[in-house]
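Biologist: I would like a close look at a single part of this model. Keep it brisk, and give the cut-offs as you go.

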Amino acid sequence: ERQMNIPAARGTVIDRNGVVLVQSESVFSALLDVREFLKKDTGARVETIEKLNAILQEDVDDPKVDNLFGNVDLEKESSVVVRVGIDAKDAAALRLLHDPAIVVRDDYRREYPYSQIFAHVIGYTGKREQGSLIEGKTGIEAQYDHDLRGRDGLLVAAHDAHGDVLATRVAAEAMIGATIRITLDAELQSYVYTRLEDGLKSLGRDAGVAIALKPKTGEVLALV
């Protein structure tokens with residue numbers, strides 16, 4: 001049997017009024033099945049890489065493939081991610097290749113509606129140093145990473161002696177991450193950001209800080 005993660009949708013971050021500040025958007029990811037790829041001879045591996053390059057416009061080469069494999073625990077993961085966030089057209093084109101070494105799976109990427117205004121607060125996500133899992137790197141994404149990441153599911157595939165798939169089953173369903181509500185007010189944050197930006201321009205400066213607090217509770221309503 002071989003196992004593959006079923007990615008969990010990362011949780012949503014909302015402001016004090018329920019306005020979405022970051023959420024997960026459904027996309028597709030392109031992966032290389034390690035065992036299927038390594039079963040190929042040199043010529044077939046080159047052909048697989050060329051197919052990926054042609055469809056994804058990705059500069060995948062031998063060193064990059066070696067690096068992908070080197071950052072994954074092959075005892076726990078059977079595939080490596082080549083690219084997250086491919087569109088439906090490219091996903092369909094990859095599937096039509098019927099190359100067992102090329103895998104297309106449903107995945108998620110983060111969408112930041114207020115990217116510039118909230119970037120320093122929300123932060124961003126990226127791959128872990130080891131493996132292909134996503135984690136929060138800075139800001140709210142990092143501070144509440146454990147709650148936001150949810151729990152990946154697990155797909156188990158049974159193979160015959162030739163490596164062909166006989167059957168698959170979902171051993172564990174993916175669980176979506178938690179929703180995190182913060183004290184900031186998106187509308188006020190946008191207003192303060194614009195006023196500060198205009199004020200700095202009028203003074204000929206490029207850096208400043210503005211904070212708005214709720215006097216009775218000390219909650220931060222805007223942080224720019």
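Biologist: Leaving aside its neighbours within four places in sequence, which residues is leucine 184 in contact with?

Modeller: First, the ground rules. This is a predicted model, in which local features need pLDDT of at least 70 and side-chain atom pairs count only at pLDDT 80 or more, while totals for chains, interfaces and linings use all residues. Residues are numbered from 1 along each chain as its sequence is written, and side-chain values use heavy atoms, with hydrogens and water left out.

Now the contacts (heavy atoms within 4.5 Å). Setting aside neighbours within four places in sequence, leucine 184 touches Asp15, Arg16, Phe118, Val121, Gln189, Val220, Leu221, Ala222 and Leu223. Leucine 184 sits in the loop between strand S10 (180-181) and helix H8. Helices (H or I, at least four residues) and strands (E, at least two) are DSSP runs, numbered from the N terminus. Leucine 184 is buried because its relative accessible area is 4%. Buried means under 20% relative accessible area, exposed over 50% and partly exposed in between, with a 1.4 Å probe and protein chains only. The C-alpha atom of leucine 184 is 9.1 Å from that of alanine 212, though 28 residues separate the two along the chain.

Next, the helix that follows the loop. H8 covers residues 186-203, 18 in number. Its end C-alpha atoms are 26 Å apart, in agreement with the 26 Å expected at 1.5 Å a residue. That expected span is 1.5 Å times one less than the number of residues.

Gln189, one of the contacts of leucine 184, is buried in H8. So are Ala186, Ser190, Val192, Tyr193, Leu196 and Leu200. These buried residues cover an arc of only 165° around the axis, so they lie on the same side of H8. The arc is that of the directions from the helix axis to the C-beta atoms. Glu187, Arg195 and Ser202 are exposed on the other side of H8.

What does the buried side of H8 pack against? Its partners are strand S3 (20-33), helix H5 (115-122) and strand S12 (220-223).

Finally, the setting. The protein has eight helices and twelve strands. Of its 224 residues, 38% are buried; leucine 184 is one of the buried ones. Take the contacts between residues at least 6 apart in sequence: 68% of them join residues at least 24 apart.
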